[in-house]
Every structure is written in C-alpha cells, then in structure tokens.
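Reader: I am new to this structure. Please take one part and walk me through it closely.

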Amino acid sequence: MRTSRSDGFTLLEIMVVVLIIGLLMTVLATNLFKRLGGAQADIARLQVTKLSQQLELYKLDNGTYPSADQGLEALVHEPTGEPRPRRYPAGGYVSSKDLEDPWHNPFKYDRPGKNNAQSFDLYSYGGDGQAGGDGENADIGNWEVSSER
C-alpha cells in the first residue's frame, strides 16, 4: 500500500510565515527609529557641551567671546574683523563639521544670549530645524545642558 506524501510547504504556509516576519520587522523598525531619534538628541547635547567648552577656551585665549557677527566660524578660522583674537591656535578650535548638529543643520550662536546675557546662547533647533517642538524636534541649548549636570 502506497501513501501519498507531499514534501515542502503550501503557498498558504509560506504566506503566513512572510506575514509574521513582516509584522516583526515593523515592530523592530519602529522601536529602532525611536531610539535613533533619542540618540541624535543625546549627540546634539554632547556637541553643545563641546562647542561651549571651546568658546570658553576662546575667551580664555582672547579675553572675549566671538562677536555675533564672527559667530561660530571664529572657532574654525581666525577672525579678521574686530574684536581680533590675541592668540589663535594654528588649527583653530574645532573643524567646520563640528558646527553642524546631528540633523545637518548649523548650530545657532547668539552673543549676548537671551538665556545667558553675560555670555552666549548656543543651540540646535532639533530634528525639524524649527524653533520649539517636542521630543526629537525639541530645541537643545547650552542653558539646558549646563543645568542638567
């Protein structure tokens, strides 16, 4: 007596497995993108801290922060306008790529600052590049970063 035996999977079984894999990938990707946004905000906070430290070093070397007109470029290239730096390191204080946040927008620099009237405000507008926002799109400024320590 011979029994009929079918090897392999039916089309329905394959479709169910593909559907389950697709659902798992969707859940995984959603959680991964949420974590990525949080990681970029953390990186922006670290960059604000680093640039703030370099601005403090600039002030120690030169007696003043860069003017609003000189901006953060004064950390990359020696300013030619007033106030001229007294001492300027050969390679600058940072590279030009350090002046961009993780979303590839330039950091903002106000001198004097609205939040730090005696020094400067240094900030990123977050993921959306617009003032305000929540979560990944929230603004990140040196007045917040320094108070979190």
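**A close look at an aromatic pair and its surroundings**

Author: Start with two tyrosines. Y58 is buried, and Y93 is buried too. Keep in mind that this is a predicted model.

The two rings form an aromatic pair. A pair of aromatic rings is described by the distance of the centres and the angle of the planes. For Y58 and Y93, the centres are 5.5 Å apart and the planes meet at 55°. That makes the pair tilted, because only angles over 60 degrees count as edge-to-face and only those under 30 as stacked. Y58 sits in helix α1, while Y93 sits in the loop between α1 and β1 (108–110), so the pair ties together parts that are 35 residues apart in sequence.

There is a third ring here. Y58, Y88 and Y93 are linked into a cluster by ring pairs. In total, the model has six aromatic pairs.

Now turn to L75. Beyond its neighbours within four places in sequence, L75 is in contact with Y58, Y88 and Y93, the tyrosines of the cluster. The other contacts of L75 are L51, Q54, L55, G92 and V94.

L75 also belongs to the largest nonpolar core, which has 21 residues. Within this core, L51, L55, L72, L75 and L122 touch the most other members. Helix α1, residues 11–62, gives the most to the core: six residues. In soluble globular proteins, nonpolar side chains tend to be buried together.

Q54 is another contact of L75. Q54 lies in helix α1. Its relative accessibility is 17%, so Q54 counts as buried. Leaving out residues up to four places away in sequence, Q54 touches L75, Y93 and V94. Y93 is thus a contact of Q54 as well as the ring partner of Y58.

For contrast, look at E73. E73 is in the loop between α1 and β1. E73 is partly exposed, because its relative accessible area is 42%. E73 and L99 are 26 residues apart in sequence, and their C-alpha atoms are 8.1 Å apart in space.

Helix α1 also has a residue in a surface patch. I20 lies in this helix. With a relative accessibility of 46%, I20 counts as partly exposed. I20 joins L12, V16 and L24 in a nonpolar patch on the surface. Together, these four have about 400 Å² of accessible area.

To sum up, helix α1 holds Y58 of the tilted pair, the buried Q54 and the partly exposed I20.

Note on methods:
Residues numbered from 1 in each chain as written. Predicted model: local features only at pLDDT ≥ 70, side-chain atom pairs only at ≥ 80, totals over all residues. Heavy atoms only, no water. Core = buried A, V, L, I, M, F, W, Y, C linked by side-chain atoms within 4.5 Å. Buried < 20%, exposed > 50% of the residue type's maximum accessible area, 1.4 Å probe, protein only. Helix = DSSP H or I, 4+ residues; strand = E, 2+ residues; numbered from the N terminus. Contact = heavy atoms within 4.5 Å. Patch = residues over 30% accessible without salt bridge, like charges linked within 9 Å, V, L, I, M, F, W, Y side chains within 5 Å. Areas by Shrake-Rupley, 256 points an atom, 1.4 Å probe, with all protein chains shown as cover. Salt bridge = Lys/Arg side-chain N within 4 Å of Asp/Glu carboxyl O. Phe/Tyr/Trp six-rings, centres within 6.5 Å; stacked < 30°, edge-to-face > 60°.
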